[in-house]
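Hi everyone, thanks for making time. I'd like to walk you through a structure that's new to most of you, so have a look at it while I talk.

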Amino acid sequence: MGRSQETFGKKDNEKKRAKKRTEKEERKAERQANAKSGQALEEMLAYVDEDGNISATPPDPNKKRIIKDEDIQIGVARRTNDDEADPVRTGIVSFFNESKGYGFIKDQQTQESIFVHANGLASGPIGENDKVTFEVEMGPKGPNAVRVKKATATPPPAPTPV
């Protein structure tokens, strides 16, 4: 007589798979029995009350407020472009590496450090502690100073004769 090719481990694994299959079918049947597919439209709707909370009851029509589209603000309010009025800024060169052609300018108004490259120089070379005028453009890694010029010292106004 030949011995069965199925071992105890194979039979055990087969039983486990069959048990999982039946449990899965039972869960599926339970979900279908408890499903609320036949609900009316009113039961599926949700309302927003006057305080902005979600509720199941419709709002009172007497408390209705009319809001203009222009008054709705989503996110942050639009920023006014104050920088557009005077794009030329002044600052002092805090660091400049002449051999590599880059450095940083400390803006006198905002005290932020702005990157400058030799390609952004409009007039001759600059050095550390030079007072410069420049414009700011956004580069891939942040603000860059462009059209950088050494600031000319403006002479004080001449006294008026009396």
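**A walk around the barrel**

Let's start at a turn: β3 and β4 form a hairpin with four residues between the strands, and in it G101 has a positive phi near 80°. Before I go on, please keep in mind that this is a predicted model.

Okay, let's zoom out for a moment. There are two helices and seven strands in the chain. If you read along the sequence, the pattern goes α-α-β-β-β-β-β-β-β. The chain has 162 residues, and 12% of them count as buried.

So where's the barrel? Five strands close into one, in the order β3-β4-β5-β7-β6, with mixed pairing. From one strand to the next, the twist averages 50°. As a bit of background, strands of a sheet pair through backbone hydrogen bonds, and they can do that either parallel or antiparallel.

Let's go through some of those pairs. Strand β3, residues 89-97, runs antiparallel to β4, and six bridges hold that pairing. If you want a spot to look at, find I92: its bridge partner in β4 is K106.

On to β4 and β5. These are residues 102-107 and residues 113-117, again antiparallel, with five bridges joining them. Two places to check by eye: G103 stands opposite V116 in β5, and F104 stands opposite F115 in β5.

β3 has another antiparallel partner in β6, with four bridges between them. There you'll find R89 standing opposite F134 in β6. Hold on to R89, because we'll come back to that residue in a moment.

Then there's β6 with β7, antiparallel over seven bridges. A hairpin of two residues makes the connection from β6 to β7. Within this pair, E137 has N144 in β7 as its bridge partner.

**One strand up close**

Now let's stay with β4. In a regular strand, side chains alternate between the two faces of the sheet. Which residues of β4 point to the buried face? They're G103, I105 and D107, while Y102, F104 and K106 point to the other face and aren't buried.

D107 is the one I'd like you to click on. D107 sits in strand β4, and is D107 buried or exposed? The relative accessible area of D107 is 1%, so D107 is buried, given that the cut-off for that is under 20%.

What does the side chain of D107 touch? Here's R89 again: the side chains of D107 and R89 make a polar contact of 2.9 Å. The D107 side chain also reaches the backbone nitrogen of Q109, at 3.2 Å.

**Two unusual phi values**

Next, Q111. You'll find Q111 in the loop between β4 and β5. That hairpin has five residues between the strands, and Q111 takes a positive phi there, near 65°. What makes that worth pointing out is that Q111 is a residue other than glycine. Q111 has a relative accessible area of 48%, so it counts as partly exposed.

R147 is another case. Its phi is near 50°, again positive in a residue other than glycine. R147 is in strand β7, residues 142-150, and with a relative accessible area of 41%, R147 is partly exposed.

And what lies across from there? The C-alpha atoms of S123 and R147 are 8.1 Å apart, although 24 residues separate the two along the chain. S123 belongs to the loop between β5 and β6. At 34% relative accessibility, S123 is partly exposed.

**A pocket to finish**

Last stop: the second largest pocket. Rolling a probe the size of a water molecule over the atoms shows where empty space is left. How big is the volume of the second largest pocket? About 160 Å³.

Which residues line the second largest pocket? V48, D49, E50, P59, D60, P61, K63, K64, R65 and I67. Sort that lining by type and you get six charged residues, four nonpolar ones and no polar ones.

If you take one thing back to your desk, make it the D107 and R89 contact: two side chains, 2.9 Å. Thanks, and I'm happy to scroll around with anyone who wants another look.

Terms used:
Residues numbered from 1 in each chain as written. Predicted model: local features only at pLDDT ≥ 70, side-chain atom pairs only at ≥ 80, totals over all residues. Heavy atoms only, no water. 1 Å grid on protein atoms, 1.4 Å probe; cavity = no way out; pocket = protein on both sides within 12 Å on 5 of 7 lines; lining within 4 Å. Points joined across faces, edges and corners; volume = space filled by probe spheres on them. Nonpolar A, V, L, I, M, F, W, Y, C, P; charged D, E, K, R; others polar. Pairing = 2+ DSSP bridges. Axes fitted to C-alpha atoms, helices over the stretch in contact; angles between N-to-C directions. Buried < 20%, exposed > 50% of the residue type's maximum accessible area, 1.4 Å probe, protein only. Polar contact = N/O pair within 3.5 Å; in protein donor to acceptor, adjacent residues only side chain to side chain.
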